[in-house]
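Okay, everyone, thanks for coming. Let me put the sequence and the structure up, and then I'll walk you through a few spots.

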Amino acid sequence: MLRNLRPQVVEGARWIARAASNMTDFKLRSTFIGHAQDEHRDYQMLERNYVSVGGALEEIVEAEKNIGSEALSAFIFHQASRENPVDLIGSMFIIEGLGNQLAAQWASLIQKTLGLRDDQVSFLAYHGANDQSHIKIIRNS
């Protein structure tokens with residue numbers, strides 16, 4: 001799961017930053033830049049979780065994107081490259097909403113099922129606890 005999630009996490013901050021660079025509304029541009037800054041190192045937490053459960057760092061870093069991630073990235077980067085890609089607020093809202101609603105539950109269930117420590121599910125737990133604040137920032141833009 002983490003290996004398939006990593007490319008989307010890595011590219012999330014990239015497409016948000018690209019979208020910011022194409023915003024003419026400076027309040028939205030600032031919101032997007034702030035969001036990209038919040039997200040741009042999350043992949044490192046995901047990698048630490050992967051390694052802590054026995055995966056090799058090289059394996060997750062060098063893994064190919066699955067076809068769904070390829071399609072999603074292509075579409076979102078295309079949209080982010082257009083002038084005023086405000087429609088991507090919806091994408092952020094969906095992604096952050098899923099994290100807010102499900103990530104903490106997934107972390108808890110995975111931790112209990114596999115007998116993992118908190119530091120081994122920290123990526124999901126963090127997003128379950130913090131994505132609500134991202135939704136509020138996006139909503140107030």
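Before we start, one term: when I say a residue is partly exposed, I mean that its relative accessible area falls between the under 20% that counts as buried and the over 50% that counts as exposed. Take E59: its relative accessible area is 39%, so E59 is partly exposed. We'll come back to that one in a minute.

Now, what you see here is a predicted model. How confident is the predictor in the protein chain? The mean pLDDT is 89, and 92% of the residues reach 70 or more. Confidence is highest in helix α4, residues 57–62, at a mean of 97. The lowest is helix α7, residues 122–139, at 71. So please keep an eye on which helix we're in.

Right, salt bridges. How many are there? The count comes to 4, and I'll show you some of them.

Here's E59 again. Its side chain meets that of R3 in a salt bridge, with 2.5 Å from N to O. What does the pair tie together? E59 is in helix α4 and R3 is in helix α1, so the bridge links parts that are 56 residues apart in sequence. R3, like its partner, falls in the middle band: with a relative accessible area of 36%, R3 is partly exposed.

Next one: E11 and K65. Their side chains also form a salt bridge, here at 2.8 Å from N to O. E11 sits in helix α1 while K65 sits in the loop between α4 and α5, so this pair ties together parts that are 54 residues apart in sequence. Is E11 buried or exposed? E11 has a relative accessibility of 12%, so it counts as buried. K65 comes out at 26%, which means partly exposed.

Let's stay with E11 for a moment. The helix it belongs to, α1, covers residues 2–21. Leaving out residues up to four places away in sequence, E11 touches K65, S73 and F77. K65 is the salt-bridge partner we just met, and S73 and F77 bring us to helix α5, where both take part in the contact with α1.

So how do those two helices sit against each other? For two packed helices, we describe that with the angle between their axes and the distance between the axes. Here, the axes of α1 and α5, which is residues 67–80, come within 9 Å and cross at roughly 5°. An angle under 35 degrees counts as roughly parallel, and α1 and α5 are therefore roughly parallel to each other. Who makes the contact? On the α1 side it's N4, Q8, E11, R14, W15, R18 and A19, and on the α5 side it's S69, L72, S73, I76, F77 and A80. Sorted by class, that's 6 nonpolar, 4 polar and 3 charged residues.

While we're on α1, have a look at R6, which is in that helix too. R6 has a relative accessibility of 12%, so R6 counts as buried. Setting aside its neighbours within four places in sequence, R6 is in contact with Y43, L46, E47, I60 and V61.

Okay, moving along the chain. After α5 there's a loop leading to α6, residues 88–114, and N84 is in that loop. What's odd about N84? It has a positive phi of about 50° although it is not a glycine. With 28% relative accessibility, N84 counts as partly exposed.

Then M92, in helix α6. M92 has a relative accessible area of 3%, so it is buried. M92 and H35 are 57 residues apart in sequence, yet their C-alpha atoms are 9.4 Å apart in space.

Compare that with R117, in the loop between α6 and α7. R117 and F75 are 42 residues apart in sequence, and their C-alpha atoms are 36 Å apart in space. R117 has a salt bridge as well, with D119, where the closest N and O atoms are 2.9 Å apart. Both partners fall in the middle band: R117 is partly exposed at 47%, and D119 is partly exposed at 40%. Apart from residues up to four places away in sequence, R117 touches S52 and Q111.

That's my tour. Happy to take questions.

How values were computed:
Residues are numbered from 1 along each chain as its sequence is written. This is a predicted model: local features need pLDDT of at least 70, side-chain atom pairs count only at pLDDT 80 or more; totals for chains, interfaces and linings use all residues. Side-chain values use heavy atoms; hydrogens and water are left out. Helices (H or I, at least four residues) and strands (E, at least two) are DSSP runs, numbered from the N terminus. Contact means heavy atoms within 4.5 Å. Axes are lines fitted to C-alpha atoms, for helices over the stretch in contact, and angles run from 0 to 180 degrees between N-to-C directions. Angles under 35 degrees count as roughly parallel, over 145 as roughly antiparallel, 65 to 115 as roughly perpendicular and the rest as oblique. Ala, Val, Leu, Ile, Met, Phe, Trp, Tyr, Cys and Pro count as nonpolar, Asp, Glu, Lys and Arg as charged, and the others, Gly among them, as polar. pLDDT is the predictor's confidence in each residue, from 0 to 100. Buried means under 20% relative accessible area, exposed over 50%, partly exposed in between (1.4 Å probe, protein chains only).
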